[in-house]
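Work through the exercises below with the sequence and the structure side by side, and try each task before reading its solution.

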Amino acid sequence: MSDSSPLPPVRLHPEAELARDALSTPLLARAARLARWAGEDTRVDAGGGLVEEQLSAAASELALTGEDAAAYASEAWRVAVDTGLVEIVDEEAGTVTAGEDLALLTGSPQEVLAVWLTALETVLADASVPDLDDLVDAMDDGGEVDFASLDWDPQAEQEFLDGVLGNLYLLTVSEDGPGDGPVPLPALAASMIVPSDMGEPTNDVLEQVSDAMMRLDDQFRVLEPVGIVEYQPVDEALMADADEEPATAVDDTDVSRYGMVRLTPLGLYGLRSRLLEAGIAAPAVGDLADKGADVLLDGTSSFPAAAAQAETEQWLDRREPLAAARELLTAARGGDRGAPLRRLRCQQALSLVGMAAEPALREVLDDSELGGLARVWLAERGFPDVPAPSEDLVFWLTVDTIAAQLAAEGNSDELRGLVEGLAQQHGGFFAAAWKVDHPATADVLEAMGRLHPDKRVAKEARKAAFKARSQQGG
């Protein structure tokens, strides 16, 4: 995931709800139960883990059975120690006591989530470690791990997992992504392996994707108990030997057999916290609700439309409608490059205010920058006595609108259609448009020349842009 452009804002669940989710995750629930179970007779080894003879008792306390019961109990104990739910009293004697942080699990949502985030870091570190059997095989006579024989680079492995989770976060928060739906594991693996400019992947690249899928299958199995993801593992039949006959008939076209993963609401919260900790801008809807209108309009300028509306709705909920409309209009003024998009966001925000905004719009009818916007708003809602705009105002508003669309969407199909329609409806558009006293006039005309499919019209637009730039002294 690149951090060169701002991420779309995430819609987080309320912290109280997230805290309840955190407390109910299997791993944290087990860690808390063991912290309350531990007593004077509990003993740990030099690494802080439960001594082997007490693992079966811990597993029984957690009602765990089967061959993995001791491993799950050991993992829960390690999380309890790492999160401060358990404290080691005497390392030499191996005695423990309940940690001060155990009380945080009955505290505020923020305190609960802080404990869960620490647990998450422990599990993420574990997910990047090779299988225990592989580690044992790679130990030399001195008890040190030979990383070279493992073909494992700890830092590279952690960066790979961080990158995968970053891409999963981006897919989840993007408006054109799956949203709450699961992501196929092959697509997630390919996002880390296949170059964006590659057409048909080579066999070598496809093999790398397959290897990455198997790594991720192991890692997501480790991550699911801490509540960051919901995971449907890779169908084990796919990993069987080619000569073996499958036990049941399988559907080779069913993509879910290759693994499906979905970030939970708690996972979104956790990954956003990690992104912020890493210095990456990861906005959340509601961040701007207590800020001024200037911050709102600038902040939502890079938001997708639905997220911008959700943010604006929260901002408006905290304000009296007429006062909010006046504040928005004041913030929309300006001749800087960002001003047209601010006015577009202002117009969209005012559409949510309702009829109570009428006095604020009438107050700016004579304003050179807001008068066109005000007339459109009043006329669309059927208010009487809306003065007709002058020709100069119509052209100024047209340039401002196209400049805003360029800033918001770039060379989109919608803007291309707008440009074609303008040139078709107004035969003398370019002859008049270059004279418009707007800072973005030349840029808009150049864009129209770039976007219009008719070479003759495009040339006319470029000529008008040259005249506008000469008039502006640029």
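**Exercise 1.** Decide whether Arg-469 is buried, partly exposed or exposed in this predicted model, and find which acidic side chain it meets in a salt bridge.

*Solution.* Start with accessibility: Arg-469 has a relative accessibility of 26%, and because buried requires a value under 20% and exposed a value over 50%, Arg-469 counts as partly exposed. Next, look for the partner, which is Asp-443, with N to O at 3.0 Å. Arg-469 lies in helix 22 (residues 455-471) and Asp-443 in helix 21 (residues 441-451), so the pair ties together parts that are 26 residues apart in sequence. Asp-443, at 29% relative accessibility, is likewise partly exposed. Finally, widen the view to the network of salt bridges that links Arg-469 and Asp-443 with Arg-337 and Glu-446.

**Exercise 2.** Determine which residue forms a salt bridge with Asp-298, and where the two partners lie.

*Solution.* The partner is Arg-342, and the closest N and O atoms are 3.7 Å apart. Asp-298 belongs to helix 12 (residues 293-299) and Arg-342 to helix 15 (residues 339-353), so the salt bridge ties together parts that are 44 residues apart in sequence. Now compare the surroundings: Asp-298 is partly exposed, with a relative accessible area of 42%, whereas Arg-342 is buried at 8%.

**Exercise 3.** Identify the salt-bridge partner of Arg-343, and state whether Arg-343 is buried or exposed.

*Solution.* The side chain of Arg-343 meets that of Glu-369, at 3.9 Å from N to O. Arg-343 lies in helix 15, while Glu-369 sits in the loop between helix 16 (358-362) and helix 17 (371-380), so parts 26 residues apart in sequence are tied together. With a relative accessible area of 3%, Arg-343 is buried.

Methods
Residues are numbered from 1 along each chain as its sequence is written. This is a predicted model: local features need pLDDT of at least 70, side-chain atom pairs count only at pLDDT 80 or more; totals for chains, interfaces and linings use all residues. Side-chain values use heavy atoms; hydrogens and water are left out. A salt bridge is a side-chain nitrogen of Lys or Arg within 4 Å of a carboxyl oxygen of Asp or Glu. Helices (H or I, at least four residues) and strands (E, at least two) are DSSP runs, numbered from the N terminus. Buried means under 20% relative accessible area, exposed over 50%, partly exposed in between (1.4 Å probe, protein chains only).
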